[in-house]
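Please open the model in your viewer and keep the selection tool ready. This tour goes from one selection to the next and says what is there at each stop.

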Amino acid sequence: METKHFGKQDKMIPCPCCNKGELSVGTHILLELIRTHFGAPVTITSGSRCMEHHKEIYKKLGKEAPEHSDHLLDERLQSNGVDIKVKGYTPHEVYNFLNNSPFSNVISLGIYSTWLHVGLRGYPARWSVV
């Protein structure tokens with residue numbers, strides 16, 4: 001799927017190790033909403049992941065990979081999560097916008113020092129690693 005601002009040009013949408021997968025329609029809609037609200041480019045720093053890549057990321061962190069993640073590809077080879085940066089805005093500013101949105105009850109938000117995780121889990125999840 002492609003939208004006005006997101007698609008084939010985003011190298012982090014498919015899994016970097018196997019080049020499979022794409023983002024769900026809902027994730028594309030969220031990204032477009034963020035891009036439109038802030039009027040600034042949104043960079044995807046991590047998108048879809050196959051299980052092998054997911055485990056490798058956590059191995060480098062010295063942690064056990066969780067079996068479930070917004071980033072993991074589902075049976076349709078789609079994922080529901082991305083890590084993003086919005087040019088000119090802090091992760092906290094983007095978090096505050098999404099956390100106060102009408103759909104905050106179905107998204108996951110995780111704040112990191114230089115990026116924000118945004119995912120669609122169907123229920124709210126919040127965490128901070130800052």
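A pocket, as the word is used here, is an open set of grid points with protein on both sides within 12 Å along at least five of seven lines, and its lining residues are those with an atom within 4 Å of a point. Keep in mind throughout that this is a predicted model.

**First stop: the largest pocket.** Select Arg-49, Tyr-58, Leu-61, Tyr-112 and Trp-127, which are the residues nearest the centre of the largest pocket among the 19 that line it. Then colour helix H2 (51-60) and strand E7 (125-129), since these are the elements that give two or more residues to this lining. Of the elements, H2 gives the most to the lining of the pocket, with 3 residues. The space in the largest pocket comes to about 450 Å³, and its lining divides into 8 nonpolar, 6 polar and 5 charged residues.

**Second stop: the cavity.** Searching the whole structure for cavities of 30 Å³ or more finds 1, and the largest cavity holds about 40 Å³ of space. To see what lines the largest cavity, select Thr-27, Leu-30, Leu-31, Ile-34, Asn-80, Gly-81, Val-82, Val-118, Gly-119 and Leu-120. Which element supplies the largest share of this lining? Helix H1 does, with 4 residues, while H1 (25-38), strand E4 (81-86) and strand E6 (116-120) each supply at least two. By type, the lining of the largest cavity has 6 nonpolar and 4 polar residues, and no charged ones.

**Third stop: a patch on the surface.** Stay with helix H1 and select Val-25, which is found in it, and then add Met-1 and Ile-29, because these three residues together make a nonpolar surface patch of about 280 Å². Val-25 has a relative accessible area of 44%, so it counts as partly exposed, the class between 20% and 50%.

**Last stop: two backbone angles.** Most residues other than glycine have a negative phi. With that in mind, select Asn-19, in the segment before strand E1 (22-23), where phi is positive, near 60°, in a residue other than glycine. Is Asn-19 buried or exposed? Asn-19 is exposed, because its relative accessible area of 60% is over the cut-off of 50%.

Finally, move to the loop between H2 and strand E3 (78-79) and select Leu-77, which has a positive phi of about 60° although it is not a glycine. Leu-77 counts as partly exposed, with a relative accessibility of 41%.

Key:
Residues are numbered from 1 along each chain as its sequence is written. This is a predicted model: local features need pLDDT of at least 70, side-chain atom pairs count only at pLDDT 80 or more; totals for chains, interfaces and linings use all residues. Side-chain values use heavy atoms; hydrogens and water are left out. On a 1 Å grid over the protein atoms alone, a cavity is a set of points where a 1.4 Å probe fits but cannot get out, and a pocket is an open set with protein on both sides within 12 Å along at least five of seven lines; lining residues have an atom within 4 Å of a point. Grid points are joined across faces, edges and corners, and a volume is the space filled by probe spheres set on the points. Ala, Val, Leu, Ile, Met, Phe, Trp, Tyr, Cys and Pro count as nonpolar, Asp, Glu, Lys and Arg as charged, and the others, Gly among them, as polar. Patches are made of residues with over 30% relative accessible area and no salt bridge: like charges are joined within 9 Å, nonpolar side chains (Val, Leu, Ile, Met, Phe, Trp, Tyr) within 5 Å. Accessible areas come from the Shrake-Rupley method with a 1.4 Å probe; for residues, only the protein chains shown count as cover. A salt bridge is a side-chain nitrogen of Lys or Arg within 4 Å of a carboxyl oxygen of Asp or Glu. Buried means under 20% relative accessible area, exposed over 50%, partly exposed in between (1.4 Å probe, protein chains only).
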